[in-house]
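Biologist: I would like to learn how to read a structure like this one, feature by feature. Could you walk me through it?

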Amino acid sequence: MTTTMTSRERVLAALRGDPVDRTPAVNPTSIATVELMDLVDAPFPDANREPELMARLAACGHTELGFDSVMPVFSIIQDSSALGCKIQWEQKDNWPTVKMTEPIYDSPDDIDVDTDAVLDHPDTQCVVDAIKILRRELGEDVAIIGKTMGPWSMGYHTFGVEPFLLMSLDDQDKTKLVLERLKQLTIDFGIMQIEAGADALTLPDHATGDLVSGEYYHRYLEELHQEFAEAIPAPLILHICGRTVDRMPYIANTGMAAFHYDSKNDPVESMEAVDGRIRLVGNVNNPETLFARGPDEVKAEVKANLAAGVQMVGPECACPLQTPLENLRAIPEAVLEWTEERERAAA
Ligand SMILES: [Zn+2]
């Protein structure tokens, strides 16, 4: 197979919707596993708090697994920790989580974000330093993807999921005020990562399929996400889990580069829903396929995405820490197989 692009060129072209020599294997969220932690001696929780370890573990995504991107922000808690949320750091076999039973906010009036202090915090600086290390070590050949959490997700982390969702049902103005007061952190943390060397950013904002409706996305987040696409000078990859076909037409209005979509959405119906107005990336199933099945089943899902014209393939969300490496390697392998099959058919 003839390749004419570096991994970084390939990912950036796919994010723009430009032609590529082959579809890139991209991970907008974590592909860290316990096996990789052991391989390079960079275990959780330290790999979430020490830049050298964070970078070393992230680099494996390219060097050991063959993905076109690396992604050092394995969790969704770095910015929340810096904001003052209590964190359960866990051990090697578990992701750190926000202790949402101990919320730090109760009303919009409690929100007074000192952005400089938040961005100087060791847990946000760790991300910035890891990105710098990755750029230095991997050069210009690999795409580095950072991550900045959206204000809806930060609402869950700071108010607790239930109180935040109840507020969104009861009081639209109050909820919008919360989002308004949290949004600058999303922008500033993102820009800081781009200045450190990130090529693109994942922006998780968990207006998740099973928690809120597409109408909610339209009401609370569509415009805000447009603002992010304008304010942050790099391609953004929106991440929302679950069944999201009902909000994909709204997501396609945001001007973001791509939407990282879940296996609960069929590739063909998803491509129809976004109608060429935003790129898709995903959607290999985590809990069943990547975690519990084998490379053949993984490859079948990758090829279904390629056949549907999905622009970038990878796991649907942060993959389970016990995922077998051969299943993750099957993702880039499937892209190569599929591309070679097509080249042979065309020759
Ligand atoms: Zn997710």
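Modeller: Gladly. Side chains of opposite charge can pair when their charged atoms come close. In this predicted model, the side chains of Arg-22 and Asp-68 form such a salt bridge, with 3.1 Å from N to O.

Biologist: Which parts of the chain does the pair of Arg-22 and Asp-68 tie together?

Modeller: Arg-22 sits in the loop between H1 and helix H2 (34-40), while Asp-68 sits in the loop between helix H3 (51-63) and E1, so the bridge joins parts that are 46 residues apart in sequence.

Biologist: Is Asp-68 buried or exposed? And what about Arg-22, buried or exposed?

Modeller: Buried means under 20% relative accessible area. Asp-68 has 1%, so it is buried. Arg-22 has 12%, so it counts as buried too.

Biologist: How many salt bridges does the structure hold?

Modeller: There are 19 of them. Take Arg-181 and Asp-109, whose side chains meet at 3.7 Å, N to O. This pair links distant parts of the chain: Arg-181 belongs to helix H9 (residues 172-196), and Asp-109 to the loop between strand E3 (97-98) and helix H5 (115-120), 72 residues apart. Arg-181 is partly exposed at 36% relative accessibility, whereas Asp-109 is exposed at 63%.

Biologist: What is the N to O distance in the salt bridge of Lys-183 and Glu-227?

Modeller: It is 2.7 Å between the side chains of Lys-183 and Glu-227. Lys-183 lies in helix H9 and Glu-227 in helix H10 (residues 214-231), so this bridge ties together parts 44 residues apart in sequence. At 11% relative accessibility Lys-183 is buried, and at 31% Glu-227 is partly exposed.

Biologist: Which residues are linked in a network of salt bridges?

Modeller: Lys-299, Lys-303, Glu-333, Glu-337 and Glu-341 are linked in one.

Biologist: Let us turn to the metal. Which residues are the protein donors of the zinc ion?

Modeller: To read a metal site, start with the donor atoms and then look at where their residues sit in the chain. Here the protein donors are NE2 of His-239, SG of Cys-241 and SG of Cys-317, at 2.1 to 2.2 Å from the zinc ion. Their spacing in sequence is H-x1-C-x75-C. His-239 is in strand E6 (residues 236-239) and Cys-317 in the loop between strand E9 (312-315) and helix H15 (325-346), so these two tie together parts 78 residues apart in sequence.

Biologist: Is His-239 buried or exposed?

Modeller: His-239 is buried, with a relative accessible area of 2%. Cys-317, by contrast, is partly exposed at 22%.

Biologist: What does His-260 touch?

Modeller: Leaving aside neighbours within four places in sequence, the contacts of His-260 include two of the zinc donors, His-239 and Cys-317. Glu-316 is also among the residues His-260 contacts, and the backbone oxygen of Glu-316 lies 3.3 Å from a polar atom of the His-260 side chain. His-260 is in strand E7 (residues 258-261) and counts as buried at 0% relative accessibility.

Biologist: In what order do the strands of the open sheet run?

Modeller: When reading a sheet, follow the order of neighbours and then check the edges. This open sheet has seven strands in the order E1-E4-E5-E6-E7-E8-E9, with parallel pairing. E1 (69-70) and E9 are at the edges with a single partner strand each, so one side of each has no neighbour in the sheet. Inside the order, E5 (residues 200-204) pairs with E6 in the parallel sense over four bridges, and Leu-201 has Leu-236 of E6 as its bridge partner.

Biologist: Why is helix H1 largely enclosed by the rest of the structure?

Modeller: Seven of the ten residues of H1 (residues 7-16) are buried, so the rest of the structure largely encloses that helix. Among these buried residues are Arg-10, Val-11 and Leu-12. After H1 comes Gly-17, with a positive phi near 85°.

Biologist: One last residue: where is Glu-301?

Modeller: Glu-301 is in helix H14 (residues 295-308) and is partly exposed, with a relative accessible area of 24%. The Glu-301 side chain reaches the backbone nitrogen of Asn-285 at 2.8 Å.

Definitions and conventions
Residues numbered from 1 in each chain as written. Predicted model: local features only at pLDDT ≥ 70, side-chain atom pairs only at ≥ 80, totals over all residues. Heavy atoms only, no water. Buried < 20%, exposed > 50% of the residue type's maximum accessible area, 1.4 Å probe, protein only. Polar contact = N/O pair within 3.5 Å; in protein donor to acceptor, adjacent residues only side chain to side chain. Donors = N, O, S within 2.8 Å, 3.2 Å for Na, K, Ca; no water. Pairing = 2+ DSSP bridges. Salt bridge = Lys/Arg side-chain N within 4 Å of Asp/Glu carboxyl O. Contact = heavy atoms within 4.5 Å.
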